[in-house]
Amino acid sequence: MPKFIFRLFIILVPISFILFFYMILTEEDSYPGVDYSNFKVPEFEIQNLTQDDLINKASLEGSYILNVWASWCITCLVEHPYLMELHKKGINIVGLNYKDEKIDALNWLEKYGNPYELIIHDLKGTLALDLGVTGAPETFLIEDGRVVAHYQGEVNKRIWRDVFQPIISERGMF
């Protein structure tokens with residue numbers, strides 16, 4: 001009898017591990033790029049990409065999406081049509097142009113369209129670093145100067161519906 005239990009144990013333990021990892025890796029509701037940490041937007045004063053004025057934290061009020069993008073970012077190009085849709089629906093989107101030359105960013109917007117209410121030109125990446133940005137694209141949902149959700153990666157219909165929309169609906173944003 002002890003040999004049978006030992007053999008059963010040898011078979012069941014690896015199978016249990018395989019099933020456990022399979023369930024975790026195939027979970028549909030899990031988004032590894034999501035962070036729901038709630039923190040204040042850092043103080044900043046940075047050049048506006050499209051005008052010759054400065055943008056600071058105080059000039060951004062209420063609820064908005066802060067989208068980190070760059071002309072050199074391939075995934076930003078993939079995400080861009082969905083941002084244009086959100087803009088048409090009246091979602092207030094602020095762009096954070098990340099480590100990009102001004103002329104390249106302006107040419108990119110001319111070619112693909114501009115979904116942004118205004119664009120922060122973060123040439124050196126200082127604001128992005130203060131926000132915890134690791135690359136582009138990244139998107140922050142901001143309410144009254146506080147980040148309430150952050151997503152690393154492309155925002156598309158599914159991410160918008162599952163990550164941002166529940167918070168927007170719960171808080172009555174936009």
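**Exercise 1. Find the disulfide and describe its link.**

Solution. Start with the rule: a disulfide is a pair of cysteine sulfur atoms within 2.5 Å. By this rule the count is one disulfide. The partners are Cys 73 and Cys 76, with sulfur atoms 2.4 Å apart. Next, take the angle. It is 85° about the S-S bond, and the link of Cys 73 and Cys 76 is right-handed. Last, check exposure. Cys 73 and Cys 76 are both buried (under 20% relative accessible area; exposed is over 50%, partly exposed in between; 1.4 Å probe, protein chains only).

A note on the numbers: this is a predicted model, where local features need pLDDT of at least 70, side-chain atom pairs count only at pLDDT 80 or more, and totals for chains, interfaces and linings use all residues. Residues are numbered from 1 along each chain as its sequence is written, and side-chain values use heavy atoms, with hydrogens and water left out.

**Exercise 2. Map the nonpolar cores.**

Solution. A nonpolar core is a set of buried Ala, Val, Leu, Ile, Met, Phe, Trp, Tyr and Cys residues joined through side-chain atoms within 4.5 Å. The largest has 30 residues. Trp 69, Leu 141, Trp 160 and Phe 164 touch the most other members. Now assign elements, using DSSP runs numbered from the N terminus: helices (H or I, at least four residues) and strands (E, at least two). Two or more residues each come from β5 (63-69), α2 (74-88), α3 (102-112), β9 (146-152) and α5 (157-171). The most come from α5, which gives six. Another core, of 19 residues, lies apart; Phe 44, Ile 55, Leu 96 and Leu 127 are among them.

**Exercise 3. Sort the two faces of α3.**

Solution. List the buried residues of α3: Ala 105, Trp 108 and Leu 109. They sit on the same side of α3 because they cover an arc of only 95° around the axis (taken from the directions from the helix axis to the C-beta atoms). Then turn to the face away from the buried side. Ile 103, Glu 110 and Lys 111 are exposed there. What covers the buried residues? The cover includes β5, α2, β6 (93-98) and β7 (118-122), with contact meaning heavy atoms within 4.5 Å. Finally, look past the helix end: Gly 113 follows α3, and its phi is positive, near 100°.
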